Amino acid sequence: MINLSEIFYSIQGESTYAGLPCIFIRFSGCNLRCSYCDSKYSYETNFSLSVPEILKELEKYKPANIVEITGGEPLLQEKIYQLFDDLYFNGYKILLETNGSISLEKVPDFVVKIVDIKCPASNEEVSFYKGNIQYIHPQNDNIKFVISNRADYDWVMKRIEEYQIQDYNIILSCVFQYLEPRKLAAWILEDKLYYRMQLQLQKYIWNPQKRRV
Ligand code: SF4
């Protein structure tokens, strides 16, 4: 069985797939406690389903065929690997949102990995497993930094250099209501960066407190 928080259909908000309709499978349980966490409700299990039961649930949303597995931290549950295979076999495009702290070694290449590297203001900046860089595809996958302030931004610039990920698909995002988007935009332009800035789309479309979006 897989322990879950929720399954819902919404607009993808935080990756190079942002803006596309997508089915979300939110796993329950997380090994981190980020200061700005907006999904604390996912720390506890709401319900559990087998992999075939999850596939059946997804049929409700046909013909949607992009599925994002998120959390919490989905890689904490071993059954995820069976879910990857069965989703792929059934023709779904699979996105995995992960907090970066757990090895990606066993995640198949057909899964698009959206990997967070936590910044200092999250209070989890030591959580990133550096060995994961070798498993992140420079073009197909995303590396996401969620930035709260200028100190975070400066830290991000140092990490990009340290990890030699200048040519990767990097996403710079603002923590909602902590950092004004116009400030991040100005820093990116001043520094002549060629990285994608992103807002948490779902927070602008719906009430920021709203769940299942
Ligand atoms: S990794 Fe995600 S779910 Fe876990 S504490 Fe951080 S923001 Fe919340």
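How many of the 7 residues of strand 2 are buried? The count is 6, so strand 2 is largely enclosed by the rest of the structure. A residue is buried if 20 or more other C-beta atoms lie within 10 Å of its own, exposed if 12 or fewer, and partly exposed in between, with C-beta atoms placed from the backbone. The model is predicted: local features need pLDDT of at least 70, side-chain atom pairs count only at pLDDT 80 or more, and totals for chains, interfaces and linings use all residues. Residues are numbered from 1 along each chain as its sequence is written.

**Figure 1. The whole protein has 5 helices and 9 strands.** Helices (H or I, at least four residues) and strands (E, at least two) are DSSP runs, numbered from the N terminus. From that end, the elements run β-β-β-α-β-α-β-β-β-α-β-α-β-α. The C-alpha trace spans about 50 × 40 × 30 Å along its principal axes. The radius of gyration is 17 Å, which agrees with the value near 17 Å for a compact globule of 213 residues. That radius is taken over C-alpha atoms, and the globule rule is 2.2 Å times the number of residues to the power 0.38. Buried residues make up 35% of the 213 residues. Two residues are in contact if their C-beta atoms, placed from the backbone, lie within 7 Å. Of the contacts with a separation of 6 or more, 71% are between residues 24 or more positions apart.

**Figure 2. Strand 2 pairs with strand 1 and with strand 4.** Two strands pair if DSSP finds at least two bridges between them. Strand 1 (residues 2-11) runs antiparallel to strand 2, and 7 bridges join them. Here L4 stands opposite F27 of strand 2. Strand 4 (residues 66-70) pairs with strand 2 in the parallel sense, over 4 bridges. I23 has V67 of strand 4 as its bridge partner. I25 has I69 of strand 4.

**Figure 3. Strand 4 also joins strand 5.** Strand 5 (residues 93-98) runs parallel to strand 4, with 4 bridges between them. The bridge partner of V67 in strand 5 is I94. Strand 4 is mostly covered, with 4 of its 5 residues buried.

**Figure 4. The largest nonpolar core has 39 residues.** A nonpolar core is a set of buried Ala, Val, Leu, Ile, Met, Phe, Trp, Tyr and Cys residues joined through C-beta atoms within 7 Å. I25, I69, I94, L96, F145 and I147 have the most contacts inside this core. Strand 2 (residues 21-27) gives the most to the core, with 5 residues. In soluble globular proteins, nonpolar side chains tend to be buried together. Take I94, leaving aside its neighbours within four places in sequence: I94 is in contact with V67, I69, F84, L87, Y88, F110, V111 and V112.

**Figure 5. Helix 3 has buried residues and exposed ones.** Helix 3 (residues 150-162) has 13 residues. From first C-alpha to last, helix 3 reaches 19 Å, close to the 18 Å expected at 1.5 Å a residue. The expected span is 1.5 Å times one less than the number of residues. D152, Y153 and V156 are buried. Seen down the axis of helix 3, its buried residues fall within an arc of 100°, so they line one face of the helix. The arc is that of the directions from the helix axis to the C-beta atoms. These buried residues pack against strand 7 (142-147) and helix 4 (181-190). On the other side, R150, A151, D154, K158, E161 and E162 are exposed.

**Figure 6. Q164 and N123 each have a positive phi.** Most residues other than glycine have a negative phi, and most peptide bonds are trans. Q164 comes just after helix 3, with a phi of about 55°. Its loop leads from helix 3 to strand 8 (170-174). Q164 counts as exposed, with 9 C-beta neighbours inside 10 Å. N123 has a phi near 65°. N123 lies in the loop between strand 6 (111-116) and strand 7. N123 is partly exposed, with 14 other C-beta atoms within 10 Å.

**Figure 7. Cis peptide bonds join K62 to P63 and G71 to G72.** For the bond from K62 to P63, omega is near 10°. P63 sits in the loop between helix 1 (51-58) and strand 4. For G71 and G72, omega is about 15°. G72 lies in the loop between strand 4 and helix 2 (80-89).
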